[in-house]
Amino acid sequence: MSSRVIDINADAGESFGRWSLGDDAGLFKFVTTTNIACGYHAGDPTTMRVAVALARDAGIAAGAHPGYPDLLGFGRRALPATDSDVVDYVAYQVGALQAIAATEAVEMTHVKPHGALMGRICRSPQLAVDIARVLQSIQPGIPLMFAPTAAFHAVLGEGLPAIPENAADLDFDADGINIVEPRPQQKDPESVAARAIEMANGSVSTTAGTSISMPVKSICVHGDRPNAVAVAATVRRRLEESGVVVRSLFRKVDQR
């Protein structure tokens, strides 16, 4: 039986105007942390506010989920941008969510990149360091949450806060980076839960047929998957049944 403590995070606040995506309220019953879209790949000011308030009322942690400025592609397309541009994209979005959250008496707990931007940061140690550093000027102590890659270790090597995470409902390449789905489909909750247990115990299987180290503290399920709530519920139940303690990484929220 595992004695590990694992946080379950979910991307949320990804509706836009009159277009609704995901069941945030339903999802927040089973996760301990949420990453809220900041208007570039999805979300808008009102959607951000609603998601922040729902997270507060559910007693879960809320952080920023910045992506590429790509509403049409939902941030899952790699866009041409300089590293300097990317740092500015992140700072702009984090600042927007920070302002909305403050009006709801919520303090952001972390920043987790979205989609293609996440992939770029995971493969770019200097960019990861630059982003983690600029975050400290926005909110001292706030961690960058992303995959445990060479970029992740570069951030830690600079003495900057970071939290290792990865998604259980996506496949992994040989480098341990999630393979992005342009349009998420339903997935078997039990299969996702089995991968989450594997990750909670420090490893994961890749599409290359290998098993690699995956020392995560937080496991993601995507809120825009059609059966996201069922996936999250099953992941939590199966983790707890296997002896994993499911709890927020952040002390300022209700640790359910």
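**Exercise 1.** Determine whether Asp-171 is buried, partly exposed or exposed in this predicted model, and identify its salt-bridge partner.

*Solution.* Step 1: The relative accessibility of Asp-171 is 34%. Step 2: A residue is buried under 20% and exposed over 50%, with partly exposed in between. Asp-171 therefore counts as partly exposed. Step 3: The side chain of Asp-171 meets that of Arg-195 in a salt bridge, with 3.3 Å from N to O. Step 4: This pair links distant parts of the chain, since Arg-195 belongs to helix α7 and Asp-171 to the loop between β5 and α7, 24 residues apart.

**Exercise 2.** Establish which parts of the chain are tied together by the salt bridge of Arg-225 and Asp-169, and classify the accessibility of Arg-225 and of Asp-169.

*Solution.* Step 1: The salt bridge between the two side chains has an N to O distance of 3.1 Å. Step 2: Arg-225 is found in the loop between β8 (218-222) and α8 (228-241), and Asp-169 in the loop between β5 and α7, so the pair ties together parts that are 56 residues apart in sequence. Step 3: Arg-225 has 3% relative accessibility and therefore counts as buried. Asp-169 has a relative accessible area of 0% and is likewise buried.

**Exercise 3.** Locate the two partners of the salt bridge between Arg-123 and Asp-173.

*Solution.* Step 1: The closest N and O atoms of Arg-123 and Asp-173 are 2.9 Å apart. Step 2: Arg-123 lies in the loop between α4 (115-122) and α5 (125-138), whereas Asp-173 lies in the loop between β5 (162-167) and α7 (189-200); the two are 50 residues apart. Step 3: Asp-173 counts as buried, because its relative accessibility is 15%.

**Exercise 4.** State how many salt bridges the structure contains and name the residues that shared partners join into one network.

*Solution.* Step 1: The count comes to 16 salt bridges. Step 2: Arg-49, Arg-56, Asp-57 and Glu-104 form one network through salt bridges that share partners.

**Exercise 5.** Classify the ring pair of Tyr-40 and Tyr-89.

*Solution.* Step 1: Three aromatic pairs are found in the whole structure. Step 2: The ring centres of Tyr-40 and Tyr-89 are 5.9 Å apart and the planes stand at 75°, so the pair is edge-to-face. Step 3: Tyr-40 is in the loop between β2 (33-37) and α2 (45-58), and Tyr-89 is in helix α3 (residues 83-103), 49 residues apart. Step 4: Ring pairs link these two residues and Tyr-92 into a cluster.

Key:
Residues numbered from 1 in each chain as written. Predicted model: local features only at pLDDT ≥ 70, side-chain atom pairs only at ≥ 80, totals over all residues. Heavy atoms only, no water. Phe/Tyr/Trp six-rings, centres within 6.5 Å; stacked < 30°, edge-to-face > 60°. Helix = DSSP H or I, 4+ residues; strand = E, 2+ residues; numbered from the N terminus. Salt bridge = Lys/Arg side-chain N within 4 Å of Asp/Glu carboxyl O. Buried < 20%, exposed > 50% of the residue type's maximum accessible area, 1.4 Å probe, protein only.
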